[in-house]
Each structure stands twice: as structure tokens, then as C-alpha cells.
Amino acid sequence: MNSTSGTEIIEVANGIFARLHDGLTNAGILVGEDNVLVIDSLRVPSFARELISDVKLITNKPIKYVIDTHAHWDHSWGNEEFPEATIIGHDNCYSEMVDVEYTEQWRSQIITSGDPWAEEAKLVNVTPPNLTFESEMSLYFGGRELRLLYLGKAHTSGDIYIHVPSEKLLFTGDVIQDRRVPYLGDSYPGDWPETDKQISSIPIDRFISGHGPIGTHQDLLEACEFIYQLVGNTKDSIHQGSSAAKAVSEVLDDMRDRFGDWVGFDTIEERFPEIFRKLSI
């Protein structure tokens, strides 16, 4: 399948596809009887248009639904390219996307990054979900039940998971990734471990995350263990009276043997002072 450069489209179950984008953001494509559901609209409109083109390699059916796994720009700033679709997200995802200060902080960060999409980010019309839910909703699509779950704050305040029970498959956004450290910048480390405990109880064989490869249930448990150790060890250092500078050394040294080769492990130190501050409150 001649998809967008840098992407790979994998059919993980009949009519369910993972669109993996090397080094960037993944998406999900589900083909129903009459239409299509997309999971995450990607970072800017041009990326969304490439996603739409790749959907057309699979089917000519129209895209009826877009699900935002969370509000981060690289997952939702393509929403404006789906004017006819119902865009679904959590209540908190909506709140974050209509928060002008939150949006402009992200926009400023992207514009000054020097990345290829920096100029386009200036013109994005941030488009929030037009259908939201609080804790759980079911969508019956393509002869399957899709369970949309909110399990608490973690990577953001509005992370949701799309569970396909019949296939033992879960779309996890950025909360769970295979051997990758998730972005921790505006996360909720005090809530994240409990959220992970709930995720780990979902009966699945595989998961598709917002970045990186498809993972197994064991990979999911490892991702949870990373958060348990990061948060637990940081709390221990705080209780022992360590400063942030000392705690980062203690925590990362303890975790390095097990997680040191994970993508992004070498960048945790940049975010650690904020994690330390949040867990100290």
C-alpha cells in the first residue's frame, strides 16, 4: 500500500487499521459498513489531509467520526479538516481545546520550534470535539462495540481509550506506549499510577498507541511499571527530604538498568523538576 512517506498501514483486525508514522503521530482507521471512523486527526491540517488520502487507499467510504484521544496538538489540530464528521472526545479534552491560554502556549512553542510544520501552526483553527462524554460511552460501528473509556487524569486531564472487546484491542493515545517514555510536560503524575492500574485490568492482547509500534499486553504492563517506579521513587525521595537535583539522580539511576534504553529516557531530566514539584504538593 503506497501510503504517505514514513507511514505504514497495518490491518490489525478485519476493517481495523493502525497507521503508524515513524517518529511522529499514529492514527487509527476503522472501516464500517457505510463509513469510516478515524482515531486522532494529527498535528496540522496538511497531516490530516495526508491521513484522508491514506484512508482513500483503503476505502471510498466517507469519514463519519473522528475520536480525539486527548487535546495535545499533534493528535487534534487536524480536526478542522473533518467538517462533516462528528468529533468525539472527553469533556476535559473539550475544555483544554477551548482554553485560549492553553492553545496559545502550544502554538507559541510550535511556531518557535523550527520544525517543518511551524509556519502552518500559525494558521490552525483549533477545533474541539462536538460530542463529549464524562466517563464511558459505547459506539456500535462496523458490527462491533467500541467502548470509549475515561479512567482518570494521566498524560493530560482528558485521555481516553478506545477498547474493541471483540478483538481484545485497545487504542491508548499517549498514556501507554511500547518502550517509549511519554511526554510528561503537562501531565498529572499524582493521578497517573491509579489510571494505569485501571488500564492494566482491561482484557486485551494488543494496543495501538499514539507513537511507536504496536504493543502486547506485556508491553502495556511494562509501560505501567515505568510510571509506578517513576512516581513511586520520586515520592520516596521527597519523603527522604531530597532536593529535586538530588532526587533526579536517585530516581533515574534506580530506573536506568530496566528502562534506560527506552525512547525518551534521556530527556526525563528536563521534565523532572516539574514532576517533583507536582508530587511535592
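**Exercise 1. Decide whether Asp40 is buried or exposed, and place it in the chain.**

Solution. Asp40 has a relative accessibility of 3%. The cut-off for buried is under 20%. Asp40 therefore counts as buried. This and every later value comes from a predicted model. Next, find its place: Asp40 sits in the loop that runs between E4 and helix H1 (45–58). Last, look at the backbone: the phi of Asp40 is near 75 degrees, a positive value in a residue other than glycine. As background, most residues other than glycine have a negative phi.

**Exercise 2. Find where Lys168 lies, and say whether it is buried, partly exposed or exposed.**

Solution. Start with the backbone: Lys168 is not glycine, and its phi is positive, near 50 degrees. For its place, go to the loop between strand E10 (160–164) and strand E11 (169–173), where Lys168 is found. Then take the accessibility of Lys168, which is 42%. Partly exposed covers the range between the limits of under 20% for buried and over 50% for exposed. Lys168 is therefore partly exposed.

**Exercise 3. Work out the order of the strands in the open sheet of seven strands, and name the edge strands.**

Solution. Read across the sheet: the order is E1-E2-E3-E4-E5-E6-E7, and the pairing is mixed. An edge strand pairs on one side only, and this holds for strand E1 (7–13) and strand E7 (131–133). From one strand to the next, the twist averages 20 degrees.

**Exercise 4. Describe how E3 pairs with E4, and give the partner of Leu30.**

Solution. Strand E3 covers residues 27–31 and strand E4 covers residues 36–39. The two run antiparallel and are joined by four bridges. Within this pairing, Leu30 has Leu37 in E4 as its bridge partner.

**Exercise 5. Explain why strand E6 is described as largely enclosed, and describe its pairing on each side.**

Solution. Strand E6 spans residues 86–90, and four of its five residues are buried. E6 is therefore largely enclosed by the rest of the structure. Now take the neighbours in turn.

- With strand E5 (residues 63–67), E6 pairs in the parallel sense over three bridges. Here Tyr65 stands opposite Thr86 in E6.
- With E7, E6 also runs parallel, joined by three bridges. On this side His90 stands opposite Phe133 in E7.

**Exercise 6. State how many disulfides the structure has, and decide whether Cys93 and Cys224 are buried or exposed.**

Solution. A disulfide requires two cysteine sulfur atoms within 2.5 Å. A search of the whole structure on that basis returns zero disulfides. For the accessibility, Cys93 has a value of 0%, so Cys93 counts as buried. Cys224 has a value of 1%, so Cys224 counts as buried.

**Exercise 7. Describe the largest pocket: its volume, its central residues and its lining.**

Solution. The volume of the largest pocket is about 710 Å³. Its lining holds 27 residues, and those closest to the centre are Asp74, Val181, Pro182, Tyr183 and His211. Two or more lining residues come from each of helix H2 (73–76), helix H4 (100–111) and helix H9 (268–280). Sorted by class, the lining has 11 nonpolar, nine polar and seven charged residues.

**Exercise 8. Do the same for the second largest pocket, and name the element that gives the most to its lining.**

Solution. The second largest pocket has about 210 Å³ of volume. Among the residues that line it are Glu96, Tyr102, Trp106, Thr156, Tyr183, Asp186 and Lys278. H4 gives the most to this lining, namely four residues. The classes are four nonpolar, five polar and three charged.

**Exercise 9. Count the cavities of 30 Å³ or more, and describe the lining of the largest cavity.**

Solution. As background, rolling a probe the size of a water molecule over the atoms shows where empty space is left. The structure holds three cavities of 30 Å³ or more. The largest cavity contains about 60 Å³ of space. Its lining includes Asn26, Ile39, Asp40, Thr69, Phe171 and Ser209. Asp40, the buried residue of the first exercise, thus returns here as part of the cavity lining. At least two lining residues come from each of E3, E11 and strand E12 (206–209). E11 gives the most, with three residues. By class, the lining has four nonpolar, seven polar and one charged.

Conventions
Residues numbered from 1 in each chain as written. Predicted model: local features only at pLDDT ≥ 70, side-chain atom pairs only at ≥ 80, totals over all residues. Heavy atoms only, no water. Buried < 20%, exposed > 50% of the residue type's maximum accessible area, 1.4 Å probe, protein only. 1 Å grid on protein atoms, 1.4 Å probe; cavity = no way out; pocket = protein on both sides within 12 Å on 5 of 7 lines; lining within 4 Å. Points joined across faces, edges and corners; volume = space filled by probe spheres on them. Nonpolar A, V, L, I, M, F, W, Y, C, P; charged D, E, K, R; others polar. Pairing = 2+ DSSP bridges. Axes fitted to C-alpha atoms, helices over the stretch in contact; angles between N-to-C directions.
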